[in-house]
Amino acid sequence: MVSESPDMKITAETPIRAPSSIPVDDAVLPFEVSALDLRGRLTRLGPALDDILTKHDYPTPVGKLLGEAIVLATLLGSALKFEGRFILQAQTDGPVSFLIVDFKSPDRLRAYARYDARRLKDGQSSGALLGKGHLAMTIDQGADMSRYQGMVALDGSGLEAAAHEYFLRSEQIPTRVRLAVGEEWRGGDGGKHRWRAGGMLLQFLPKAPERARQADLHPGDAPEGTAPHLLPEDDAWVEGRSLIATVADIELIDPSLSSERLVYRLFHERGVRVFRGLDVVAECSCSRPNVEAMLKSFSQDDRDHMIENGMISVTCEFCSSTYRFAPGEVENAAAQGEDDA
Ligand SMILES: [Zn+2]
């Protein structure tokens with residue numbers, strides 16, 4: 001279990017431990033600014049992200065968008081306190097019509113996107129790539145447990161905005177996220193290309209719930225011309241969301257800036273405490289036995305339609321692994337002998 005480390009507190013009074021200057025990729029760093037009732041997580045992704053995006057050889061804008069979705073899912077999925085999955089899924093009318101990120105607790109990531117290459121244009125924003133549709137976030141706690149799904153509309157303004165809308169409507173927790181994806185070139189123009197990403201999630205969690213009231217974004221059903229019902233936001237949250245708004249994309253993806261330094265740079269005046277980080281890996285959960293079990297659950301007729309050149313082959317959309325079976329290998333359990341190796 002990952003446990004909190006209270007002795008890592010960084011304050012002016014106890015300058016025992018300076019923030020680590022060693023950057024760590026593929027990791028999530030939880031932190032807390034208790035003076036402002038803020039909790040947050042910062043993630044930096046390097047090889048894990050590069051592995052997922054390179055396997056599919058996505059065009060740059062698609063890679064960037066899927067990278068943002070991966071960062072968002074990592075920030076949210078890494079908060080799961082139980083064995084389960086956090087699944088972020090977008091279905092839209094945009095050039096990237098479908099994307100999915102599957103975060104399996106405690107640390108495994110996989111993702112893919114479907115896109116129409118003919119509709120991709122230079123300089124398209126993530127919002128334009130997604131277009132209109134919806135974003136679903138599912139928490140799956142396993143076979144016997146309930147499944148939770150929250151949905152939010154995508155209206156062309158991208159994943160950060162959709163996440164804010166989600167937390168405002170569904171969770172009613174004042175929340176801000178920042179997502180950034182970049183490409184790193186090593187050895188000049190003809191050199192090796194690598195994907196990097198970073199993101200931060202900040203939430204206002206005061207003990208007194210009335211302090212978490214939020215300004216209503218829409219006047220709702222009020223008659224035309226009515227001023228929106230604006231509630232004053234808590235000063236601590238105004239300060240917190242102003243601070244996270246200053247984080248630049250380059251800071252989030254800078255391979256030489258450690259996560260601890262970045263968090264400290266933002267919140268040191270209020271005192272920030274970091275907790276033990278969590279490493280994440282790009283690893284698909286598909287396997288030959290799983291694919292075999294899936295095929296066995298199909299009807300004989302469906303399987304017969306899958307036979308090509310005498311074999312049934314199934315390609316995992318997440319990791320592009322292909323599994324091949326001879327038709328006799330995957331007969332229904334009832335018709336199956338004990339002789340399969
Ligand atoms: Zn796979």
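# Sheet, cavity and zinc site in a predicted model

Strands β5 (residues 96-104) and β6 (residues 108-115) run antiparallel and are joined by eight bridges. Strands here are DSSP runs of E with at least two residues, helices are runs of H or I with at least four, and both are numbered from the N terminus; two strands pair if DSSP finds at least two bridges between them. The model is predicted, so local features need pLDDT of at least 70 and side-chain atom pairs count only at pLDDT 80 or more, while totals for chains, interfaces and linings use all residues. Residues are numbered from 1 along each chain as its sequence is written, and side-chain values use heavy atoms, with hydrogens and water left out.

Three residues lie between β5 and β6, and the two strands form a hairpin. Within this pair, Asp102 has Arg110 in β6 as its bridge partner. On the β4 side, Phe86 stands opposite Phe103 in β5, and at β13 Arg108 stands opposite Val281. The pairings are listed below.

| Strand pair | Sense | Bridges |
|---|---|---|
| β4 (residues 85-92) and β5 | antiparallel | seven |
| β5 (residues 96-104) and β6 (residues 108-115) | antiparallel | eight |
| β6 and β13 (residues 281-282) | parallel | two |
| β15 (residues 311-315) and β16 | antiparallel | four |

An open sheet of six strands, with mixed pairing, has the order β8-β7-β4-β5-β6-β13. β8 (147-155) and β13 are at its edges with a single partner strand each, so one side of each has no neighbour in the sheet.

The structure holds one cavity of 30 Å³ or more. A cavity is a set of points, on a 1 Å grid over the protein atoms alone, where a 1.4 Å probe fits but cannot get out; lining residues have an atom within 4 Å of a point. The largest cavity has about 30 Å³ of space, where the volume is the space filled by probe spheres set on the points, and grid points are joined across faces, edges and corners. Its lining consists of Arg85, Asp102, Lys104, Arg108, Arg110, Glu283, Cys284 and Ser285. β5 and β6 each supply at least two of the lining residues. By class, six lining residues are charged, one is polar and one is nonpolar.

Cys284, one of the lining residues, is also a zinc donor. The zinc ion has as protein donors the SG atoms of Cys284, Cys286, Cys316 and Cys319, at 2.2 to 2.3 Å. Donors are N, O and S atoms within 2.8 Å of the metal (3.2 Å for Na, K and Ca), and sites may look incomplete since water is not among the atoms. The spacing of the donor residues in sequence is C-x1-C-x29-C-x2-C. Why is the arrangement tetrahedral? The four donor atoms subtend angles of 103 to 116° around the zinc ion, and four donors count as tetrahedral if all angles lie between 85 and 135 degrees. Cys284 has 19% relative accessibility and therefore counts as buried (under 20% relative accessible area; exposed is over 50%, partly exposed in between, with a 1.4 Å probe and protein chains only).

β15 and β16 form a hairpin with six residues between them, and Ser320 in the turn has a positive phi of about 65°. Val314 has Tyr323 in β16 as its bridge partner. Side chains alternate along β16 (residues 322-325): Tyr323 and Phe325 point to one face and are buried, whereas Thr322 and Arg324 point to the other and are not.

Elsewhere, Glu260 lies in helix α7 (residues 259-267) and counts as buried at 11% relative accessibility. Its C-alpha atom is 8.3 Å from that of Pro23, with the two residues 237 apart along the chain.

Terms used: Four donors count as tetrahedral if all angles lie between 85 and 135 degrees; four count as square planar and six as octahedral if opposite donors are over 155 degrees apart and all others between 65 and 115; anything else is irregular. On a 1 Å grid over the protein atoms alone, a cavity is a set of points where a 1.4 Å probe fits but cannot get out, and a pocket is an open set with protein on both sides within 12 Å along at least five of seven lines; lining residues have an atom within 4 Å of a point. Ala, Val, Leu, Ile, Met, Phe, Trp, Tyr, Cys and Pro count as nonpolar, Asp, Glu, Lys and Arg as charged, and the others, Gly among them, as polar.
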